[in-house]
Amino acid sequence: MRTKSLKKNKINVVTLGCSKNVYDSEVLMGQLKANGKEVTHEAVNDEGNIIVINTCGFIDNAKEESVNMILEYAEKKEQGLVDKVFVTGCLSERYKPDLEKEIPNVDQFFGTTELPLLLKALGADYKHELIGERLTTTPKNYAYLKIAEGCDRPCSFCAIPLMRGKHVSTPIENLVIEAEKLAKNGVKELILIAQDLTYYGLDLYKKRNLAELLEALVKVEGIEWIRLHYAFPTGFPMDVLELMKREPKICNYLDIPLQHISDNILKSMRRGTTYEKTTNLLKEFRKAVPGMAIRTTLIVGYPGETEEDFEILKNWVQEMRFERLGCFTYSHEENTHAYSLVDDVPEEVKRERANEIMDIQAQISWELNQEKIGQTFRCVIDRKEGQYFIGRTEFDSPDVDNEVLVDASKFYLKTGDFVTLKVTDATEFDLYAEPVQ
(Lines give C-alpha, C1' and ligand atoms only; values in the text may rest on other atoms or scores of the structure.)
Protein backbone atom coordinates (compact mmCIF):
# COMPACT_ATOMS: atom_id res chain seq x y z
CA MET A 1 0.00 0.00 0.00
CA ARG A 2 1.16 3.48 -0.80
CA THR A 3 1.63 5.79 2.19
CA LYS A 4 0.01 9.20 2.00
CA SER A 5 2.39 11.60 0.29
CA LEU A 6 3.49 14.79 2.01
CA LYS A 7 3.80 16.77 -1.21
CA LYS A 8 1.32 19.56 -1.95
CA ASN A 9 -1.73 18.42 -3.88
CA LYS A 10 -1.82 19.39 -7.55
CA ILE A 11 -5.09 18.99 -9.45
CA ASN A 12 -4.96 18.04 -13.14
CA VAL A 13 -8.20 18.67 -15.06
CA VAL A 14 -8.66 16.54 -18.20
CA THR A 15 -11.37 17.71 -20.63
CA LEU A 16 -13.16 15.56 -23.21
CA GLY A 17 -15.95 16.49 -25.61
CA CYS A 18 -17.25 19.82 -26.84
CA SER A 19 -16.57 23.51 -26.22
CA LYS A 20 -19.26 23.54 -23.49
CA ASN A 21 -17.09 21.10 -21.53
CA VAL A 22 -14.00 23.24 -22.13
CA TYR A 23 -15.92 26.16 -20.62
CA ASP A 24 -17.04 24.12 -17.60
CA SER A 25 -13.46 22.97 -16.95
CA GLU A 26 -12.28 26.58 -17.10
CA VAL A 27 -14.89 27.63 -14.52
CA LEU A 28 -13.88 24.71 -12.26
CA MET A 29 -10.21 25.69 -12.54
CA GLY A 30 -11.01 29.35 -11.81
CA GLN A 31 -12.82 28.30 -8.63
CA LEU A 32 -9.94 26.02 -7.58
CA LYS A 33 -7.37 28.75 -8.14
CA ALA A 34 -9.45 31.22 -6.10
CA ASN A 35 -9.37 28.64 -3.30
CA GLY A 36 -5.57 28.63 -3.42
CA LYS A 37 -5.33 25.23 -5.09
CA GLU A 38 -2.58 24.36 -7.54
CA VAL A 39 -4.30 23.41 -10.77
CA THR A 40 -3.22 22.44 -14.28
CA HIS A 41 -5.03 21.47 -17.48
CA GLU A 42 -4.19 18.23 -19.27
CA ALA A 43 -0.59 18.28 -18.03
CA VAL A 44 1.39 15.43 -19.53
CA ASN A 45 4.53 15.58 -17.40
CA ASP A 46 4.16 16.17 -13.67
CA GLU A 47 0.46 15.73 -14.21
CA GLY A 48 -0.63 16.21 -10.62
CA ASN A 49 -1.67 13.70 -8.00
CA ILE A 50 -5.40 14.47 -8.09
CA ILE A 51 -7.19 13.96 -11.41
CA VAL A 52 -10.56 15.40 -12.46
CA ILE A 53 -11.92 13.99 -15.73
CA ASN A 54 -14.65 16.08 -17.39
CA THR A 55 -16.42 13.55 -19.61
CA CYS A 56 -18.60 13.56 -22.72
CA GLY A 57 -21.56 11.20 -23.08
CA PHE A 58 -23.05 12.41 -26.34
CA ILE A 59 -22.51 9.57 -28.81
CA ASP A 60 -20.84 6.14 -28.78
CA ASN A 61 -17.34 7.29 -29.82
CA ALA A 62 -17.30 10.04 -27.22
CA LYS A 63 -18.54 7.70 -24.50
CA GLU A 64 -15.87 5.17 -25.40
CA GLU A 65 -13.15 7.83 -25.25
CA SER A 66 -14.40 8.99 -21.84
CA VAL A 67 -14.58 5.45 -20.42
CA ASN A 68 -11.06 4.69 -21.69
CA MET A 69 -9.73 7.84 -20.03
CA ILE A 70 -11.39 6.94 -16.71
CA LEU A 71 -9.96 3.39 -16.90
CA GLU A 72 -6.50 4.76 -17.70
CA TYR A 73 -6.45 6.96 -14.60
CA ALA A 74 -8.11 4.30 -12.40
CA GLU A 75 -5.18 2.05 -13.40
CA LYS A 76 -2.67 4.82 -12.58
CA LYS A 77 -4.29 5.14 -9.17
CA GLU A 78 -3.97 1.38 -8.71
CA GLN A 79 -0.26 1.67 -9.53
CA GLY A 80 0.18 4.50 -7.03
CA LEU A 81 1.00 7.07 -9.77
CA VAL A 82 -1.92 9.32 -8.75
CA ASP A 83 -3.71 9.61 -5.40
CA LYS A 84 -7.30 10.41 -6.34
CA VAL A 85 -9.53 10.30 -9.42
CA PHE A 86 -12.80 12.26 -9.69
CA VAL A 87 -15.15 12.13 -12.68
CA THR A 88 -17.64 14.80 -13.73
CA GLY A 89 -19.50 15.89 -16.88
CA CYS A 90 -22.10 14.37 -19.19
CA LEU A 91 -21.12 10.69 -19.07
CA SER A 92 -21.07 10.84 -15.28
CA GLU A 93 -24.47 12.57 -15.21
CA ARG A 94 -25.99 9.97 -17.48
CA TYR A 95 -24.45 6.70 -16.26
CA LYS A 96 -23.38 7.37 -12.67
CA PRO A 97 -24.79 4.15 -11.08
CA ASP A 98 -23.29 1.96 -13.83
CA LEU A 99 -19.91 3.68 -13.65
CA GLU A 100 -19.75 3.43 -9.85
CA LYS A 101 -20.38 -0.30 -10.13
CA GLU A 102 -18.02 -0.96 -13.06
CA ILE A 103 -15.11 1.30 -12.03
CA PRO A 104 -15.06 1.28 -8.20
CA ASN A 105 -11.50 2.62 -8.12
CA VAL A 106 -12.74 6.14 -8.94
CA ASP A 107 -13.12 8.18 -5.74
CA GLN A 108 -16.37 9.94 -6.73
CA PHE A 109 -18.62 10.65 -9.71
CA PHE A 110 -20.39 14.00 -10.13
CA GLY A 111 -23.13 15.19 -12.51
CA THR A 112 -23.14 18.31 -14.70
CA THR A 113 -24.82 20.52 -12.06
CA GLU A 114 -22.78 19.40 -9.06
CA LEU A 115 -19.85 21.83 -9.24
CA PRO A 116 -20.18 22.90 -5.55
CA LEU A 117 -20.07 19.23 -4.46
CA LEU A 118 -17.07 18.50 -6.69
CA LEU A 119 -15.26 21.53 -5.26
CA LYS A 120 -16.04 20.34 -1.72
CA ALA A 121 -14.54 16.92 -2.53
CA LEU A 122 -11.42 18.76 -3.74
CA GLY A 123 -11.23 20.73 -0.49
CA ALA A 124 -12.53 23.97 -1.97
CA ASP A 125 -15.61 26.19 -1.49
CA TYR A 126 -17.86 27.39 -4.30
CA LYS A 127 -17.46 31.18 -4.51
CA HIS A 128 -20.59 32.89 -5.89
CA GLU A 129 -18.80 36.21 -6.31
CA LEU A 130 -16.53 34.78 -9.01
CA ILE A 131 -18.76 35.76 -11.95
CA GLY A 132 -16.73 35.32 -15.09
CA GLU A 133 -13.55 34.20 -13.33
CA ARG A 134 -12.08 31.39 -15.38
CA LEU A 135 -8.71 29.91 -16.17
CA THR A 136 -8.95 29.82 -19.95
CA THR A 137 -7.37 26.86 -21.73
CA THR A 138 -7.72 28.19 -25.28
CA PRO A 139 -5.04 30.35 -27.00
CA LYS A 140 -4.96 33.81 -25.46
CA ASN A 141 -6.78 35.59 -28.29
CA TYR A 142 -10.12 33.72 -28.16
CA ALA A 143 -12.42 32.23 -25.54
CA TYR A 144 -15.78 30.51 -25.36
CA LEU A 145 -18.66 32.35 -23.71
CA LYS A 146 -21.46 30.00 -22.64
CA ILE A 147 -24.66 32.04 -22.67
CA ALA A 148 -27.08 29.28 -21.60
CA GLU A 149 -27.16 25.75 -20.22
CA GLY A 150 -29.43 22.86 -21.16
CA CYS A 151 -32.03 22.51 -23.89
CA ASP A 152 -35.84 22.43 -24.18
CA ARG A 153 -35.94 21.03 -27.72
CA PRO A 154 -37.48 17.55 -28.18
CA CYS A 155 -35.09 16.21 -30.89
CA SER A 156 -35.55 12.44 -31.01
CA PHE A 157 -31.86 11.48 -31.40
CA CYS A 158 -30.37 13.77 -28.76
CA ALA A 159 -29.45 12.88 -25.17
CA ILE A 160 -28.35 16.40 -24.19
CA PRO A 161 -31.52 17.27 -22.20
CA LEU A 162 -30.93 14.05 -20.19
CA MET A 163 -27.43 15.23 -19.29
CA ARG A 164 -27.76 19.01 -19.20
CA GLY A 165 -31.39 19.56 -18.16
CA LYS A 166 -33.76 22.31 -19.22
CA HIS A 167 -32.69 25.53 -20.95
CA VAL A 168 -31.42 28.18 -18.51
CA SER A 169 -30.16 31.52 -19.90
CA THR A 170 -27.39 33.46 -18.15
CA PRO A 171 -28.40 37.12 -17.51
CA ILE A 172 -26.98 39.70 -19.93
CA GLU A 173 -25.24 41.68 -17.15
CA ASN A 174 -23.33 38.57 -15.97
CA LEU A 175 -22.19 37.79 -19.50
CA VAL A 176 -21.00 41.38 -20.00
CA ILE A 177 -18.95 41.15 -16.75
CA GLU A 178 -17.46 37.88 -17.98
CA ALA A 179 -16.66 39.35 -21.42
CA GLU A 180 -14.99 42.38 -19.81
CA LYS A 181 -12.78 40.14 -17.66
CA LEU A 182 -11.81 38.07 -20.68
CA ALA A 183 -11.00 41.22 -22.69
CA LYS A 184 -8.77 42.49 -19.85
CA ASN A 185 -6.83 39.22 -20.11
CA GLY A 186 -6.18 39.76 -23.82
CA VAL A 187 -9.12 37.87 -25.36
CA LYS A 188 -10.15 39.49 -28.65
CA GLU A 189 -12.67 36.97 -29.98
CA LEU A 190 -15.72 35.65 -28.13
CA ILE A 191 -17.27 32.43 -29.38
CA LEU A 192 -20.83 32.34 -28.09
CA ILE A 193 -21.96 28.81 -27.27
CA ALA A 194 -25.09 27.14 -25.89
CA GLN A 195 -27.06 24.03 -26.67
CA ASP A 196 -29.41 26.43 -28.47
CA LEU A 197 -28.54 30.12 -29.04
CA THR A 198 -31.91 30.91 -30.64
CA TYR A 199 -33.73 30.15 -27.38
CA TYR A 200 -31.61 32.63 -25.43
CA GLY A 201 -33.61 34.89 -23.13
CA LEU A 202 -37.02 33.20 -23.42
CA ASP A 203 -36.88 31.99 -19.82
CA LEU A 204 -35.48 35.24 -18.35
CA TYR A 205 -36.93 37.99 -20.53
CA LYS A 206 -39.98 36.22 -22.01
CA LYS A 207 -38.64 36.86 -25.51
CA ARG A 208 -35.79 35.70 -27.74
CA ASN A 209 -33.09 38.13 -26.68
CA LEU A 210 -29.93 37.17 -28.54
CA ALA A 211 -29.82 40.50 -30.42
CA GLU A 212 -29.99 42.49 -27.17
CA LEU A 213 -27.17 40.39 -25.70
CA LEU A 214 -25.05 41.03 -28.81
CA GLU A 215 -25.77 44.79 -28.59
CA ALA A 216 -24.33 44.72 -25.05
CA LEU A 217 -21.30 42.56 -25.93
CA VAL A 218 -20.17 44.67 -28.92
CA LYS A 219 -19.65 47.57 -26.49
CA VAL A 220 -17.00 45.63 -24.54
CA GLU A 221 -13.66 47.30 -25.17
CA GLY A 222 -10.96 45.03 -26.58
CA ILE A 223 -13.35 42.50 -28.12
CA GLU A 224 -12.99 42.57 -31.91
CA TRP A 225 -14.89 39.50 -33.08
CA ILE A 226 -18.04 37.82 -31.77
CA ARG A 227 -18.95 34.46 -33.31
CA LEU A 228 -22.24 32.55 -33.04
CA HIS A 229 -22.27 28.79 -32.49
CA TYR A 230 -25.15 26.30 -32.33
CA ALA A 231 -28.28 28.11 -33.38
CA PHE A 232 -31.47 26.10 -33.86
CA PRO A 233 -33.37 26.76 -37.13
CA THR A 234 -36.90 26.88 -35.65
CA GLY A 235 -37.71 30.30 -34.23
CA PHE A 236 -34.42 31.90 -35.26
CA PRO A 237 -34.50 35.60 -34.18
CA MET A 238 -34.13 37.42 -37.50
CA ASP A 239 -33.16 40.73 -35.81
CA VAL A 240 -29.76 39.09 -35.20
CA LEU A 241 -29.11 39.22 -38.96
CA GLU A 242 -29.69 42.98 -39.15
CA LEU A 243 -27.21 43.41 -36.32
CA MET A 244 -24.69 41.07 -38.00
CA LYS A 245 -24.83 43.16 -41.16
CA ARG A 246 -24.55 46.48 -39.32
CA GLU A 247 -22.03 45.66 -36.59
CA PRO A 248 -18.46 44.91 -37.78
CA LYS A 249 -17.56 43.09 -34.53
CA ILE A 250 -20.12 40.34 -35.17
CA CYS A 251 -18.58 37.83 -37.57
CA ASN A 252 -20.56 37.09 -40.73
CA TYR A 253 -20.72 33.50 -39.57
CA LEU A 254 -23.40 31.23 -38.16
CA ASP A 255 -23.21 27.65 -36.96
CA ILE A 256 -26.69 26.19 -37.40
CA PRO A 257 -26.87 22.37 -37.09
CA LEU A 258 -29.63 21.25 -39.48
CA GLN A 259 -29.17 17.44 -39.11
CA HIS A 260 -31.18 16.42 -42.22
CA ILE A 261 -33.49 17.78 -44.90
CA SER A 262 -35.80 14.93 -45.99
CA ASP A 263 -39.27 15.71 -44.61
CA ASN A 264 -39.74 12.10 -43.46
CA ILE A 265 -36.56 12.15 -41.43
CA LEU A 266 -37.08 15.69 -40.07
CA LYS A 267 -40.52 14.64 -38.82
CA SER A 268 -39.18 11.51 -37.13
CA MET A 269 -36.31 13.56 -35.67
CA ARG A 270 -38.93 15.95 -34.19
CA ARG A 271 -37.12 18.97 -35.57
CA GLY A 272 -40.25 21.09 -36.01
CA THR A 273 -39.33 22.16 -39.53
CA THR A 274 -39.51 21.02 -43.17
CA TYR A 275 -37.40 20.96 -46.33
CA GLU A 276 -39.18 24.05 -47.60
CA LYS A 277 -38.96 26.07 -44.36
CA THR A 278 -35.28 25.27 -43.86
CA THR A 279 -34.34 26.10 -47.45
CA ASN A 280 -36.25 29.40 -47.27
CA LEU A 281 -34.58 30.28 -43.97
CA LEU A 282 -31.11 29.79 -45.48
CA LYS A 283 -32.07 31.93 -48.48
CA GLU A 284 -33.21 34.65 -46.08
CA PHE A 285 -29.88 34.45 -44.23
CA ARG A 286 -27.93 34.92 -47.44
CA LYS A 287 -30.18 37.74 -48.61
CA ALA A 288 -29.92 39.57 -45.27
CA VAL A 289 -26.13 39.13 -44.92
CA PRO A 290 -24.57 38.57 -48.35
CA GLY A 291 -21.27 36.72 -48.03
CA MET A 292 -21.98 35.19 -44.62
CA ALA A 293 -20.46 31.76 -43.93
CA ILE A 294 -22.98 29.15 -42.84
CA ARG A 295 -21.67 26.09 -40.99
CA THR A 296 -23.95 23.11 -40.48
CA THR A 297 -23.79 19.53 -39.26
CA LEU A 298 -25.74 16.59 -40.64
CA ILE A 299 -26.61 13.10 -39.41
CA VAL A 300 -26.77 10.16 -41.82
CA GLY A 301 -28.03 6.66 -41.11
CA TYR A 302 -30.89 7.74 -38.85
CA PRO A 303 -33.46 4.91 -38.34
CA GLY A 304 -35.57 4.49 -41.46
CA GLU A 305 -33.32 6.64 -43.68
CA THR A 306 -33.90 5.22 -47.17
CA GLU A 307 -31.77 5.62 -50.28
CA GLU A 308 -34.36 8.15 -51.43
CA ASP A 309 -34.01 10.19 -48.19
CA PHE A 310 -30.25 10.14 -48.61
CA GLU A 311 -30.49 11.24 -52.28
CA ILE A 312 -32.66 14.20 -51.19
CA LEU A 313 -30.01 15.14 -48.62
CA LYS A 314 -27.16 14.76 -51.09
CA ASN A 315 -28.81 16.86 -53.80
CA TRP A 316 -29.67 19.54 -51.25
CA VAL A 317 -26.05 19.74 -49.98
CA GLN A 318 -24.93 20.25 -53.60
CA GLU A 319 -27.57 22.91 -54.14
CA MET A 320 -26.99 24.83 -50.87
CA ARG A 321 -23.19 25.00 -51.16
CA PHE A 322 -22.52 25.44 -47.44
CA GLU A 323 -19.28 27.22 -46.65
CA ARG A 324 -18.63 24.76 -43.81
CA LEU A 325 -20.15 21.35 -43.14
CA GLY A 326 -19.59 18.35 -40.88
CA CYS A 327 -21.32 14.98 -41.18
CA PHE A 328 -21.82 12.34 -38.48
CA THR A 329 -23.20 8.83 -38.48
CA TYR A 330 -26.28 8.25 -36.32
CA SER A 331 -25.64 6.90 -32.83
CA HIS A 332 -28.46 4.93 -31.16
CA GLU A 333 -28.74 6.50 -27.69
CA GLU A 334 -30.72 4.86 -24.88
CA ASN A 335 -33.51 6.89 -23.25
CA THR A 336 -33.89 9.09 -26.33
CA HIS A 337 -37.13 9.08 -28.32
CA ALA A 338 -35.39 7.52 -31.35
CA TYR A 339 -34.19 4.59 -29.24
CA SER A 340 -37.63 3.01 -29.66
CA LEU A 341 -37.01 2.91 -33.44
CA VAL A 342 -35.08 0.11 -35.12
CA ASP A 343 -31.47 1.16 -35.82
CA ASP A 344 -31.83 -0.39 -39.27
CA VAL A 345 -29.14 1.30 -41.38
CA PRO A 346 -26.00 -0.91 -41.30
CA GLU A 347 -22.88 0.72 -39.84
CA GLU A 348 -21.03 0.30 -43.13
CA VAL A 349 -23.81 2.10 -45.05
CA LYS A 350 -23.81 4.91 -42.47
CA ARG A 351 -20.06 5.38 -42.98
CA GLU A 352 -20.37 5.26 -46.80
CA ARG A 353 -23.09 7.91 -46.71
CA ALA A 354 -21.08 10.17 -44.39
CA ASN A 355 -18.04 9.84 -46.68
CA GLU A 356 -20.13 10.62 -49.73
CA ILE A 357 -21.47 13.81 -48.14
CA MET A 358 -17.96 14.87 -47.09
CA ASP A 359 -16.62 14.21 -50.61
CA ILE A 360 -19.31 16.50 -52.05
CA GLN A 361 -18.46 19.12 -49.41
CA ALA A 362 -14.70 18.87 -50.10
CA GLN A 363 -15.37 19.72 -53.76
CA ILE A 364 -17.64 22.66 -52.81
CA SER A 365 -15.07 23.90 -50.31
CA TRP A 366 -12.29 23.66 -52.92
CA GLU A 367 -14.34 25.66 -55.45
CA LEU A 368 -15.23 28.35 -52.89
CA ASN A 369 -11.59 28.58 -51.77
CA GLN A 370 -10.32 28.94 -55.35
CA GLU A 371 -12.53 32.03 -55.66
CA LYS A 372 -10.63 33.58 -52.74
CA ILE A 373 -7.25 33.54 -54.52
CA GLY A 374 -6.15 37.15 -55.03
CA GLN A 375 -8.55 38.48 -52.40
CA THR A 376 -7.51 40.07 -49.09
CA PHE A 377 -8.97 39.20 -45.70
CA ARG A 378 -8.58 40.45 -42.15
CA CYS A 379 -7.30 37.44 -40.21
CA VAL A 380 -6.36 36.63 -36.64
CA ILE A 381 -3.13 34.68 -36.04
CA ASP A 382 -3.75 31.79 -33.62
CA ARG A 383 -0.38 30.04 -33.46
CA LYS A 384 2.85 29.05 -35.17
CA GLU A 385 3.13 25.43 -36.24
CA GLY A 386 6.17 24.06 -38.07
CA GLN A 387 7.09 26.49 -40.83
CA TYR A 388 3.76 28.33 -40.83
CA PHE A 389 1.93 30.99 -38.90
CA ILE A 390 -1.67 29.79 -38.77
CA GLY A 391 -4.59 32.19 -38.78
CA ARG A 392 -8.30 32.38 -39.52
CA THR A 393 -10.69 34.66 -41.37
CA GLU A 394 -13.94 35.82 -39.76
CA PHE A 395 -15.59 32.95 -41.67
CA ASP A 396 -13.71 30.30 -39.69
CA SER A 397 -14.02 29.01 -36.16
CA PRO A 398 -11.03 27.43 -34.39
CA ASP A 399 -10.52 23.66 -34.57
CA VAL A 400 -13.42 22.97 -36.94
CA ASP A 401 -12.99 25.25 -39.96
CA ASN A 402 -10.48 26.34 -42.60
CA GLU A 403 -7.13 27.87 -41.70
CA VAL A 404 -4.89 30.45 -43.36
CA LEU A 405 -1.20 29.51 -43.61
CA VAL A 406 1.59 32.07 -43.89
CA ASP A 407 5.20 31.01 -44.59
CA ALA A 408 7.14 31.79 -41.39
CA SER A 409 10.51 31.67 -43.18
CA LYS A 410 9.48 34.72 -45.25
CA PHE A 411 7.23 36.69 -42.87
CA TYR A 412 7.06 37.36 -39.16
CA LEU A 413 3.65 37.63 -37.53
CA LYS A 414 2.63 37.84 -33.89
CA THR A 415 0.13 35.36 -32.45
CA GLY A 416 -3.05 37.04 -31.29
CA ASP A 417 -2.67 39.92 -33.78
CA PHE A 418 -5.14 40.84 -36.51
CA VAL A 419 -3.45 41.23 -39.89
CA THR A 420 -4.53 41.78 -43.49
CA LEU A 421 -3.56 38.82 -45.66
CA LYS A 422 -3.75 38.29 -49.41
CA VAL A 423 -4.60 34.74 -50.52
CA THR A 424 -2.04 33.32 -52.97
CA ASP A 425 -3.18 29.68 -53.17
CA ALA A 426 -5.88 27.37 -51.81
CA THR A 427 -6.69 23.70 -51.17
CA GLU A 428 -10.01 22.18 -50.05
CA PHE A 429 -9.65 23.31 -46.46
CA ASP A 430 -6.66 25.67 -46.29
CA LEU A 431 -5.75 29.05 -47.72
CA TYR A 432 -2.13 30.13 -48.29
CA ALA A 433 -1.52 33.84 -47.91
CA GLU A 434 0.96 36.67 -47.51
CA PRO A 435 0.71 39.84 -45.43
CA VAL A 436 -0.30 42.95 -47.35
CA GLN A 437 2.70 45.27 -46.97
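# Exercises on a predicted model

Phenylalanine 86 has a relative accessible area of 3% and is buried. The structure is a predicted model.

**Exercise 1.** Classify the aromatic pair formed by phenylalanine 86 and phenylalanine 110, and place both residues in the chain.

*Solution.*
- Step 1: the ring centres lie 6.4 Å apart, and the cut-off for a pair is 6.5 Å.
- Step 2: the planes make 45°; edge-to-face requires over 60 degrees and stacked under 30, so the pair of phenylalanine 86 and phenylalanine 110 is tilted.
- Step 3: phenylalanine 86 belongs to strand β4 (residues 84-89), while phenylalanine 110 sits in the loop between β5 (108-109) and α4 (115-121). The two are 24 residues apart, and their pair links distant parts of the chain.
- Step 4: phenylalanine 110 is also buried, with a relative accessible area of 3%.

**Exercise 2.** Treat tyrosine 302 and tyrosine 330 in the same way.

*Solution.*
- Step 1: the centre-to-centre distance is 5.4 Å and the planes are at 75°, an edge-to-face pair.
- Step 2: tyrosine 302 is in the loop between β12 (293-300) and α12 (307-320), and tyrosine 330 is in the loop between β13 and α13 (347-370); the pair therefore ties together parts 28 residues apart in sequence.
- Step 3: tyrosine 302 has 0% relative accessibility and counts as buried; tyrosine 330, at 4%, counts as buried too.

**Exercise 3.** Give the strand order of the open sheet of 6 strands and find its edges.

*Solution.*
- Step 1: the order is β6-β9-β10-β11-β12-β13, with parallel pairing.
- Step 2: β6 (142-146) and β13 (324-329) each pair on one side only, which makes them the edge strands.
- Step 3: neighbouring strands are turned against each other by 20° on average, direction ignored.
- Step 4: within the sheet, β9 (residues 189-193) and β10 (residues 225-228) run parallel and are joined by 4 bridges. Leucine 192 stands opposite leucine 228 in β10.
- Step 5: helix α9 (residues 239-246) packs on the sheet, where it touches β10 and β11 (250-255); the directions of α9 and β11 make about 140°.

**Exercise 4.** Is serine 397 buried or exposed, and which residues does serine 397 touch?

*Solution.*
- Step 1: serine 397 lies in the loop between β15 (388-392) and β16 (403-407).
- Step 2: its relative accessibility is 2%, so serine 397 counts as buried.
- Step 3: leaving out residues up to four places away in sequence, serine 397 touches Ile191, Arg227, His229, Tyr253 and Arg392.
- Step 4: the side chains of serine 397 and histidine 229 are joined by a polar contact of 2.6 Å.

Conventions
Residues are numbered from 1 along each chain as its sequence is written. This is a predicted model: local features need pLDDT of at least 70, side-chain atom pairs count only at pLDDT 80 or more; totals for chains, interfaces and linings use all residues. Side-chain values use heavy atoms; hydrogens and water are left out. Buried means under 20% relative accessible area, exposed over 50%, partly exposed in between (1.4 Å probe, protein chains only). A polar contact is a pair of N or O atoms within 3.5 Å; within protein, one must be able to donate a hydrogen and the other to accept it, and residues adjacent in sequence count only if both atoms are side-chain atoms. Contact means heavy atoms within 4.5 Å. Two strands pair if DSSP finds at least two bridges between them. Axes are lines fitted to C-alpha atoms, for helices over the stretch in contact, and angles run from 0 to 180 degrees between N-to-C directions. Rings of Phe, Tyr and Trp (its six-membered ring) pair if their centres lie within 6.5 Å; planes under 30 degrees apart count as stacked, over 60 as edge-to-face and the rest as tilted.
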